[in-house]
Structure formats: C-alpha cells, structure tokens
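Me: I would like to learn how to read a protein model one feature at a time. Could you take me through the general idea each time, and then through the case in hand?

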Amino acid sequence: MSIGALPNAYPTAPTAYASPRRLAGPPPAVAPVGPALAFGGTRASTADDAPPSRPNAPLARLCALFKPESLEAMGRLALIWSFSLLHRLIPFGPFRRTLEAMNVSGARPKPASLADAPPELRARIQEAWITEPKDKHRIYAWYMPPKPGQPTFLVTNGRQSGMANFNGLLSEIAKRDGGALVYELRGYGHSKKAFSELGTQRDFDAVADFLVKDRGLREEDVIPFGWSLGGGITVGALATTGGQGRRFPMAVLASTFSTMNDMGEVVKSFAGLADWMMPRSGDLPFNSLDAIKKVRQPLLILHGQDDAQVPWRMSK
C-alpha cells in the first residue's frame, strides 16, 4: 500500500497572515484616563501617579510570542501534535482506520515469518537472512528458487506492504516455474535500522549480491520488481554507479511515483502535510524523475488508472 491520502476537507495550503500595519513617526501621547481607587472616594489620576518605566525583558520575550509569525509556527506544531494525539485516543474503529490511511500512525507491517507465505509454496520457499556489509544490517527475506532456465524476480515492496501482500504474485510466478525473492525494508518488520534512502539502496545491492553470489544465479536471469515505494528504491539503486553496471535484462516498476515532493502535493499525505507545516530546505528523497535518466536497463512501467493512492499519471 502506498501513502494514504487525506480527505478533501483538509486544507491544502497554509493561511496567509498579514503583518500589522505600522504608522510612520512616534506613537501619539496618551493622557491617563479614568478614575483611580483611593481610600475615602475616587479622584482623577495624573501624570505624577504613573510609575516610572522600567525595562522588563521577560515580559518583552513573552509579548514576542504573540507576533503573527510566531503564532503561525505555533499553530503548525499544534496541528501536528493534535493528529498524533487523536491517533492515541482512538484505538479502534473507522476513525482509527481513517487516521492510518492518512499515515498519521506510521504503522509498519509486523515481522514476517514462513507461516505468512502461501501454504502451497511453503515447502518451496526458503527463509534467508542477508547482511548488508556497510552497516551490518540484517535483512529478512523469502527466496523461492526458479526452475532451470526461468527468471527470478527481486521484489522490493511498498511502504505499508508486508511480505504477505505479495503472496498472489508469488503464486503466479510459481505457476510459471519462475523464482522470486521478497525482503523486508529497512526499518520494517525484523529490521532494527532506521529507514533511509541510501540505506534502502544498499539493501537492494546486498539482496542482488545474495542472489548472484550465494544462490549462484546469473544477473541476466534476475529481474528487479519495485512496487510503489519499492519502485523509487529500485530506480534509485539502478541509477547508482554500481546499479548501472549490473547486467539485469530489465526492471519492472508497478504503481510507483515520480517524486516524493509530487506525492506530498498531489495525494496530500501526512508526510506532505507535515512538510507544508514544517518547511525544510531542499527536496524530499526518492526523486525518480532525475534518477531514471541514469538507469541503463530497459524498464517496464505498470500502473492502473483506478489507483486511489498514487495517481497513475505519475508513471507517464
């Protein structure tokens, strides 16, 4: 599953706050007005009654918080915290599912096991642990060997797609005597490492090396298959110097996106909303539009026009 979309009722652009107009020249003098309370009655206050002016630094700092630009920043933070609080206060039901679709929860697929694989394929599927050599990240994977002369698909899944989400794909590949390897993304399931674009590219390389060096497959018989976020990971990995040198016959990208910036704006995901509320310098990661120009392998791009998560025009 790719990044969820916000309902249309949510705002798509920040409110513009106008700064207060300032008058030229010094402020006009204001005479004291009104009665002053005194023992035995009231009397009019005079200038002599005004206390001497003294600088009050703490009070000045407090007043600075109520400037329009400060209030806007505080409002943005409050909106982020309110989403997080709502998720904790609603443990079940349609509201919880709506929040998860908006990607507020940051939910991750649970660690996979062989029991999650299709029952008819469990005897054929092998569990594997693959170590990424740079930071020693251990990657959990399922490997289904191919029949002689058939290709093997290197499957990289999406953001909220567990390995079991590809059981249907594995069954179809098995019917055609093909092979497949599906693995957990960094930061998902069994993984103890934080998710990052560079880390996912290194994991892709480690999995590809596993197929060639540990399982004895030829690179010419391996076809990378990237689904949704996995498509961005696949393109990014193939665009690197190491990826360009691999002899894959082709790669398949399914239901993937053009750039993460486009996803934030078009789908209005929580990641995009947070990026609006907390502006940062530079672009978000996974810019497939730039990376795809460096890919040397032929690409097959698949996308359904009824995709409610990632607009199909991003694959054009």
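Reply: Let us begin with accessibility, for which we need a cut-off: a residue counts as buried under 20% relative accessible area, as exposed over 50%, and as partly exposed in between. Please keep in mind that this is a predicted model. With the cut-off in hand, Glu220, at 30% relative accessibility, counts as partly exposed, whereas Arg247, at 51%, counts as exposed.

Me: How much of the protein chain counts as buried, and how many helices and strands does the chain have?

Reply: Of the 316 residues in the protein chain, 39% count as buried, and the secondary structure comes to 10 helices and 9 strands. A further way to view the chain is through its contacts: if we take those between residues at least 6 apart in sequence, 73% of them join residues at least 24 apart.

Me: You have mentioned Arg247 and Glu220; what do their side chains form?

Reply: The side chains of Arg247 and Glu220 meet in a salt bridge, with 2.9 Å from N to O. Arg247 belongs to the loop between α7 and β8 and Glu220 to the loop between α5 and β7, so this pair ties together parts that are 27 residues apart in sequence.

Me: How many salt bridges are there in the whole structure, and which residue forms one with Arg246?

Reply: A search of the whole structure finds 12 salt bridges. Arg246 forms one with Glu219, where the closest N and O atoms are 2.9 Å apart. Arg246 lies in the loop between α7 (241-244) and β8 (251-254), and Glu219 in the loop between α5 and β7 (222-227), so here too parts that are 27 residues apart in sequence are tied together. Both Arg246 and Glu219 are buried, and a network of salt bridges links these two with Asp205 and Asp209.

Me: What separates the partners when a salt bridge lies within a helix, as with Glu172 and Lys175?

Reply: The general idea is that an α-helix has 3.6 residues a turn, so residues three or four places apart point the same way. In this model, Glu172 and Lys175 are 3 residues apart in helix α4 (residues 167-175), and are therefore separated by about one helical turn. Their salt bridge has its closest N and O atoms 3.3 Å apart; Glu172, at 35% relative accessibility, counts as partly exposed, while Lys175, at 61%, counts as exposed.

Me: How should I read a longer stretch such as α5, and what does it pack against?

Reply: One may begin with its span, then turn to its buried residues and its two ends. Helix α5 has 18 residues and reaches 25 Å from its first C-alpha to its last, which is close to the 26 Å expected at 1.5 Å a residue. Its buried residues include Phe204, Val207, Phe210 and Leu211, and the buried residues of α5 pack against β3, β4, β5 (152-156), β6, β7 and α6 (229-239). At the start of α5, a side-chain oxygen of Ser196 reaches to within 3.0 Å of the backbone nitrogen of Gly199, and just after the helix Gly216 takes a positive phi of about 70°.

Me: Two of those elements are β3 and β4; in which sense do these strands pair?

Reply: Strand β3 (residues 126-132) and strand β4 (residues 137-144) pair in the antiparallel sense, over 7 bridges. To follow one bridge, start from Trp129, whose partner in β4 is Tyr140. The hairpin has 4 residues between its strands, and within this hairpin Lys136 takes a positive phi near 60°.

Me: Finally, how many aromatic pairs does the structure hold, and how is the pair of Phe195 and Phe286 arranged?

Reply: The structure holds 4 aromatic pairs. The pair of Phe195 and Phe286 is tilted, at 6.1 Å centre to centre and with 40° between the planes. Phe195 lies in the loop between β6 (179-183) and α5 (197-214), and Phe286 in the loop between α9 (270-277) and α10 (288-291), so the pair ties together parts that are 91 residues apart in sequence. Phe195, at 32% relative accessibility, counts as partly exposed, whereas Phe286, at 4%, counts as buried. Ring pairs also bring in Tyr188, which is linked with Phe195 and Phe286 into a cluster.

Notes. Residues numbered from 1 in each chain as written. Predicted model: local features only at pLDDT ≥ 70, side-chain atom pairs only at ≥ 80, totals over all residues. Heavy atoms only, no water. Pairing = 2+ DSSP bridges. Helix = DSSP H or I, 4+ residues; strand = E, 2+ residues; numbered from the N terminus. Phe/Tyr/Trp six-rings, centres within 6.5 Å; stacked < 30°, edge-to-face > 60°. Buried < 20%, exposed > 50% of the residue type's maximum accessible area, 1.4 Å probe, protein only. Salt bridge = Lys/Arg side-chain N within 4 Å of Asp/Glu carboxyl O. Expected span 1.5 Å × (residues − 1). Contact = heavy atoms within 4.5 Å. Polar contact = N/O pair within 3.5 Å; in protein donor to acceptor, adjacent residues only side chain to side chain.
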